[in-house]
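Let's walk through a protein together, starting with the whole chain and then zooming in on one corner of it. Keep the picture open while you read.

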Amino acid sequence: MFAAERRQLIIEMVRANGAVSLRELARVVQTSEVTVRRDVRALEAEGLLDRRHGGAVLPGGFSREPGYSQKPLIAPIEKSAIADLAADLVQEGDTIMVGTGSTTLEFARRLIRIPDLTVVTNSLSIAQALAHANRVEVVMTGGTLSLGNALVGSEAQQVLHELRASKVFLSGGGLTAERGLSTANMLCASVDRVMVQSAAKVIVLADHTKLGAQSMFQTVPTEAITRLVTDRHATVDDRTTSELDALADCGVQIDLAPVGPAVEPPIHDQATPVTQPRLVPLPSQRRSAHGPTRRR
């Protein structure tokens, strides 16, 4: 097992259990405690783990992510709304890249109706969702199969280095204006970074529970994000609204997907027709007429 794969497995064990002894880590990754101790020390130096009493624990400040089987159960209505809105950003004849994730999988299921579309992905789940779409060509990266049905490693990255796409659609474990998009899987993060380098536009799909949260590995810095598609519930809470304002100040275009009962702002002048029902003024727009446009 390569050092990168061994260390990723160590991180995933600690994330799943909260704290793991060096002896247990050595048993699972099938190496010596000396090697595991060296790995833990290196991961601690990167701020990814903390050493405690002959073991490793999660560092402070990072969100604990649910398992892959649990992710589709979190904010499913919001993810569906985000997927619907994001699919409108894809045009006939596009070549796009789609990263692994429960939200991007929902998005991929909407693509079967778009003709002459080419989808490059490292997700087996996304490829399977598009397998019977006659008008969509699917390009798989190859690589080593990881958790969450994702293909990772140098083979996957090499394929992506040689391709170009008009847009890449990514999700992750957390999104902040300060740090950008992040994920808990080191190997998936490496593949996502190459996708970003190979695409003209970077579109992040993240429901309101991801805003303000951070995971261990940065995948996309804020300045590289072209657009964020999130759900309307992100404007209800002051914390997530502030995060949206900060992202918009960094030049990220915000799209808000409608969720649940209509909560459109009241129309005070009934004589004035609403010509663009998708435009949603947020706090930063009300403060300044020169702020970036936000749409739901």
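**The chain as a whole**

Of the 296 residues in this protein chain, 49% count as buried. Keep in mind that you're looking at a predicted model. Buried here means that a residue has under 20% relative accessible area. As for the outside, the chain's accessible surface comes to about 14100 Å², and 51% of that belongs to carbon and sulfur atoms.

What is the chain built from? Its secondary structure comes to 10 helices and 16 strands. Now think about who touches whom. Take the contacts between residues at least 6 apart in sequence: 65% of them join residues at least 24 apart.

**Zooming in on one sheet**

Now find the open sheet of 3 strands with the order β10-β11-β13, where the pairing is antiparallel. Why do β10 and β13 each have one side without a neighbour in the sheet? β10 (174–176) and β13 (217–220) stand at the edges, and each has a single partner strand, so nothing in the sheet sits along the other side. The strands aren't lined up perfectly, either: ignoring direction, neighbours in this sheet are turned by 35° against each other on average.

Let's look at one of those pairings. β10 and β11 (residues 180–183) pair in the antiparallel sense over 3 bridges. If you'd like a spot to point at, find T176: its bridge partner in β11 is G180.

Finally, add a helix to the picture. Helix α8 (residues 186–198) lies across β11 and β13. Compare its direction with that of β13, and you'll find that α8 runs at about 20° to that strand.

Note on methods: Residues numbered from 1 in each chain as written. Predicted model: local features only at pLDDT ≥ 70, side-chain atom pairs only at ≥ 80, totals over all residues. Heavy atoms only, no water. Helix = DSSP H or I, 4+ residues; strand = E, 2+ residues; numbered from the N terminus. Buried < 20%, exposed > 50% of the residue type's maximum accessible area, 1.4 Å probe, protein only. Contact = heavy atoms within 4.5 Å. Areas by Shrake-Rupley, 256 points an atom, 1.4 Å probe, with all protein chains shown as cover. Pairing = 2+ DSSP bridges. Axes fitted to C-alpha atoms, helices over the stretch in contact; angles between N-to-C directions.
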